Amino acid sequence: MVDSWTMRVKSLSQEELENPSMMCRVYDRLAVQNYSGQTAFYCLELAAGNTLNFGFCRKENVPSLLRDVLTITNLSVLRGDYENIMIPTVPSAIWVKQARKYDPSRIVMWLENSITLTPEYTDCILRLRKMGMKFAVRVDAMGDIASNPDILACIDFLLVDFEREEEFAPIVGSIRQKHSDFKTIAFKHYQSIFTFTKEEAKKYDYVLGTVENYQLVYKTQRPRWQHEMLRTFAQLYSSIYDVKEIAQVMSVYPYMSQAMKGMVGSKQLVALTIKRNAATLAENPVLTQNDLRNFLAISVAYNTYIISEEHSLTQRRLEFDIKKVNFEPFIQALFVGKLVEQIAQGICDDIQSPQSFLAGMFRYAQTFLHDTAEKTFDEFPLNAVSSNYKDGGGQLGAIIKVIMLLVEHHVEEALEEKSVQLLNSNKDQFYNMISHAMNWADAVAKALGIVKDVKERRERRL
């Protein structure tokens with residue numbers, strides 16, 4: 001199964017090719033979570049086709065948003081395991097005209113900052129509200145909304161700048177007196193592996209970004225099973241490993257064996273993983289040895305993540321339930337690893353290129369262990385890997401450094417890096433890589449059971 005964006009690029013009109021700024025692209029996807037790390041839905045960050053800037057989908061990009069992004073196939077990936085999705089954009093009339101092509105009741109529209117309520121926008125919001133659409137707005141950029149009671153009554157989520165909480169608290173309280181049904185969502189201007197601590201998130205209904213997981217407390221040394229996982233990571237990264245030895249490790253860790261079985265048995269994941277180059281196109285394409293090695297590494301990471309979570313909760317006498325595990329950092333690790341791999345394939349040499357996915361994924365190794373980055377990367381087995389993004393050395397290190405700056409929203413710093421020219425030269429290709437990485441990470445998550453397929457979600461609702 002090829003992701004729909006790749007198919008769509010082949011059929012772009014001449015007008016779109018000449019005006020890429022009219023096209024809408026998905027730059028990133030952020031989780032909206034409560035203080036316990038449970039995701040309510042995702043929020044998209046969108047960009048015009050010829051820029052690396054992100055944020056709101058402009059009015060001129062809305063036709064492309066509806067046509068190219070909000071397709072059934074894309075939404076099944078972008079929404080993940082959740083029914084709704086938040087989209088920062090403007091309520092132009094085309095949303096009403098094309099309402100039959102999407103489900104308004106599954107959309108949370110984050111209204112453009114300091115919006116001027118033209119007759120078109122006012123009519124659109126009220127009509128979409130009747131169709132079940134929800135709305136969000138920043139408290140410090142409400143524009144005309146605060147003085148329009150009919151539109152204010154449509155607001156379901158009020159976004160608050162975390163750094164200016166005290167400044168806006170009285171305003172939030174004043175609005176609550178007029179309209180008490182909204183929920184608050186705190187946001188920060190930069191993202192990280194964990195954007196909010198649990199204490200920070202407790203002050204709000206939700207936060208935009210991932211809430212930290214509990215860390216393991218080490219009374220003496222790192223547990224033996226973690227050392228075994230780290231050793232296996234190092235063996236896979238070096239490509240010096242014994243399949244029989246890893247099979248023996250799998251027999252001891254059920255999560256690891258279940259993960260490997262699920263990935264190899266997923267037709268969707270296999271199809272998205274296989275390199276369909278000229279050499280394999282005419283024959284039956286199969287997973288390469290490097291693909292299988294990456295699958296093994298994912299199964300080790302998945303096993304490490306779950307067991308570390310279970311132990312961290314047990315230390316605090318909290319109940320462990322795999323259905324409540326905050327997997328967002330794990331999914332992000334898959335996405336970043338795949339994005340790094342795609343960029344590295346056309347740039348890095350034959351030695352670094354096969355290591356690119358693992359090097360990108362290991363940027364999040366501390367989350368697998370529920371430990372700090374400093375302690376994790378001081379471990380001997382990961383020293384060689386961590387140097388790639390600690391120092392930004394070499395082609396692969398430069399790629400990882402730029403990707404991490406972009407995904408953590410340090411765009412200006414990323415644009416100052418020389419290696420960003422690799423992305424600037426063909427932004428459309430870069431956005432296609434983002435799309436493919438999201439599709440691939442979603443396929444892995446479904447193969448592991450983290451994300452349910454459409455049929456399972458329907459059965460769960462019933």
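A crossing of two helices is called right-handed if the near helix is turned clockwise from the far one by less than a right angle. Keep that in mind as you look at this predicted model, where α15 passes α16 in just such a right-handed crossing.

Let's stay with that pair for a moment. The axes of α15 and α16 are 11 Å apart, and the angle between them is about 160°. Angles over 145 degrees count as roughly antiparallel, so α15 and α16 are roughly antiparallel to each other. Who touches whom? On the α15 side you'll find Asn-290, Asn-294, Ile-298, Ala-301, Tyr-302 and Tyr-305, and they meet Pro-329, Phe-330, Leu-334 and Glu-341 in α16. Sorted by class, this contact has seven nonpolar residues, two polar ones and one charged one.

Now follow the chain into the loop between α15 and α16, where Arg-317 sits. Its phi is near 60°, which is a positive value in a residue other than glycine. Most residues other than glycine have a negative phi. Arg-317 counts as exposed, because its relative accessibility is 81%.

His-409 also has a positive phi, near 70°, and isn't a glycine either. You'll spot His-409 in the loop between α21 (394-407) and α22 (411-416). Is His-409 buried or exposed? It counts as buried, because its relative accessibility is 7%.

Back to α15, which has another partner to show you. Helix α15 (residues 289-315) packs with helix α24 (residues 427-448) at an angle of about 60°, and their axes are 12 Å apart. That angle makes α15 oblique to α24. The crossing of α15 and α24 is right-handed. Here Phe-295, Ile-298 and Tyr-302 in α15 meet Trp-440, Val-444 and Leu-448 in α24. The residues of this contact are six nonpolar, with no polar and no charged ones. Ile-298 and Tyr-302 may look familiar: they turn up in the contact of α15 with α16 and in the contact with α24.

One last stop: the cysteines. A disulfide is a covalent bond between the sulfur atoms of two cysteines. How many disulfides does the structure hold? Zero. Take Cys-24, whose closest cysteine sulfur is in Cys-57, 4.0 Å away, and that is too far for a bond. The cut-off for a disulfide is a pair of sulfur atoms within 2.5 Å. Cys-24 counts as buried, because its relative accessibility is 1%. Cys-43 counts as buried too, at 1% relative accessibility.

Methods. Residues are numbered from 1 along each chain as its sequence is written. This is a predicted model: local features need pLDDT of at least 70, side-chain atom pairs count only at pLDDT 80 or more; totals for chains, interfaces and linings use all residues. Side-chain values use heavy atoms; hydrogens and water are left out. Axes are lines fitted to C-alpha atoms, for helices over the stretch in contact, and angles run from 0 to 180 degrees between N-to-C directions. Helices (H or I, at least four residues) and strands (E, at least two) are DSSP runs, numbered from the N terminus. Angles under 35 degrees count as roughly parallel, over 145 as roughly antiparallel, 65 to 115 as roughly perpendicular and the rest as oblique. Contact means heavy atoms within 4.5 Å. Ala, Val, Leu, Ile, Met, Phe, Trp, Tyr, Cys and Pro count as nonpolar, Asp, Glu, Lys and Arg as charged, and the others, Gly among them, as polar. Buried means under 20% relative accessible area, exposed over 50%, partly exposed in between (1.4 Å probe, protein chains only).
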